[in-house]
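Q: Got a minute to go through this one with me? I'd like to start with the overall fold and then look at some details.

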Amino acid sequence: MKIIHLSDTHINPETLNKIDTQQRFKLALNHIRDNHSNADILIITGDLTAFGDDESYQIFNKTLKEAILPDHLYPKLILGNHDDRENFKKNFPNIKIDQNGFVQYSLNFGDKTFIFLDTNLSGTHAGHLCEKRQTWLIETLKKEQENKIYLFMHHNPLALGQIKSDALGLVQRNEFKKILLQFQNSIQHIFFGHQHITSSGKYLGITFSSPRSTWQPLVPNFSEKFRLGKADTDPNYNVILITEDSLIVHTEDFLKTKVNWFEGE
Ligand SMILES: [Fe+2]
Ligand SMILES: [Fe+2]
């Protein structure tokens, strides 16, 4: 199985920090279409827009349509802290929601189940998985626990560096940790975005990974003082290859299109 994981497009009508968010999203989609049309699924893990406004969702939709991806690669979407749930639902009326109106849903691929979480709370940039959303997750995990489970969420569920400098991660870390521990034999991997940095590792026996943003990649910091930094580095998206006995995460720096491929070596 091949998964494309893209995140944090931050679409906006105007440029942001002198970067054209629309152009970068377009280049990423074109790169996916030209190099990965054999992928099984494309997922965009939130911060689809910079400010959650109607116009930005319309631009997001238009950019997607113009990329002419194969039908099966129409992306699965979730919300980030920069999104607006109501505007999102208005522009994506076919998106599945849970019984409480949160943008949470699951998908089955044979022996695999993908679970998509909603960690948005209006008025804050930190991640929230309230009791209602936790209950939905626990019920879904119980139902699917015989399958191999893959979680997709916007916010990082653990501090990626110093805990003191990660005020914007998932607030209900401890509650989420308990859920992960309960189902750690079924959960294979956690995919997230939000911090705009490439990360990978293992948490409670479960591997995780995150791509940078297609808009603005950031630079990690390893002190208690700074959360992240800004530099003129490459945006990316991730390509994940899953076999019976492996899960491999590659990074695609999609702005680098001039590649001299080795032949016959
Ligand atoms: Fe973001
Ligand atoms: Fe975010």
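A: Sure. Bear in mind that this is a predicted model. Residues 24 or more positions apart make up 69% of the protein's contacts with a separation of 6 or more.

Q: And what does the secondary structure come to?
A: Five helices and 13 strands.

Q: How compact is the protein for its length?
A: As compact as a globular protein of that length, because its radius of gyration is 18 Å and the globule rule gives 18 Å for 265 residues. Along the principal axes, the C-alpha atoms fill a box of roughly 45 × 45 × 45 Å.

Q: What share of the residues counts as buried?
A: 38% of the 265.

Q: Switching to helices: at what angle do H1 and H2 pack?
A: About 30°, with the axes 9 Å apart. H1 covers residues 21-35 and H2 covers residues 54-67. Angles under 35 degrees count as roughly parallel, so that's what H1 and H2 are. Their crossing is right-handed.

Q: Which residues meet there?
A: From H1, Gln22, Phe25, Lys26, Leu29, Asn30 and Arg33; from H2, Ile59, Thr63, Leu64 and Ala67. That contact divides into five nonpolar, three polar and two charged residues.

Q: Different spot now: where does Gly201 sit?
A: In strand E8, residues 199-203.

Q: Buried or exposed?
A: Gly201 is exposed, because it has 11 other C-beta atoms within 10 Å, and the cut-off for exposed is 12 or fewer.

Q: How far is Gly201 from Ile190?
A: Their C-alpha atoms are separated by 9.9 Å, and the two are eleven residues apart along the chain.

Notes
Residues are numbered from 1 along each chain as its sequence is written. Chains are lettered from A and ligands numbered from 1 in the order in which they are written. This is a predicted model: local features need pLDDT of at least 70, side-chain atom pairs count only at pLDDT 80 or more; totals for chains, interfaces and linings use all residues. Helices (H or I, at least four residues) and strands (E, at least two) are DSSP runs, numbered from the N terminus. A residue is buried if 20 or more other C-beta atoms lie within 10 Å of its own, exposed if 12 or fewer, and partly exposed in between; C-beta atoms are placed from the backbone. Axes are lines fitted to C-alpha atoms, for helices over the stretch in contact, and angles run from 0 to 180 degrees between N-to-C directions. Angles under 35 degrees count as roughly parallel, over 145 as roughly antiparallel, 65 to 115 as roughly perpendicular and the rest as oblique. A crossing is left-handed if the near helix is turned anticlockwise from the far one by less than a right angle, and right-handed if clockwise. Two residues are in contact if their C-beta atoms, placed from the backbone, lie within 7 Å. Ala, Val, Leu, Ile, Met, Phe, Trp, Tyr, Cys and Pro count as nonpolar, Asp, Glu, Lys and Arg as charged, and the others, Gly among them, as polar. The radius of gyration is taken over C-alpha atoms; the globule rule is 2.2 Å times the number of residues to the power 0.38.
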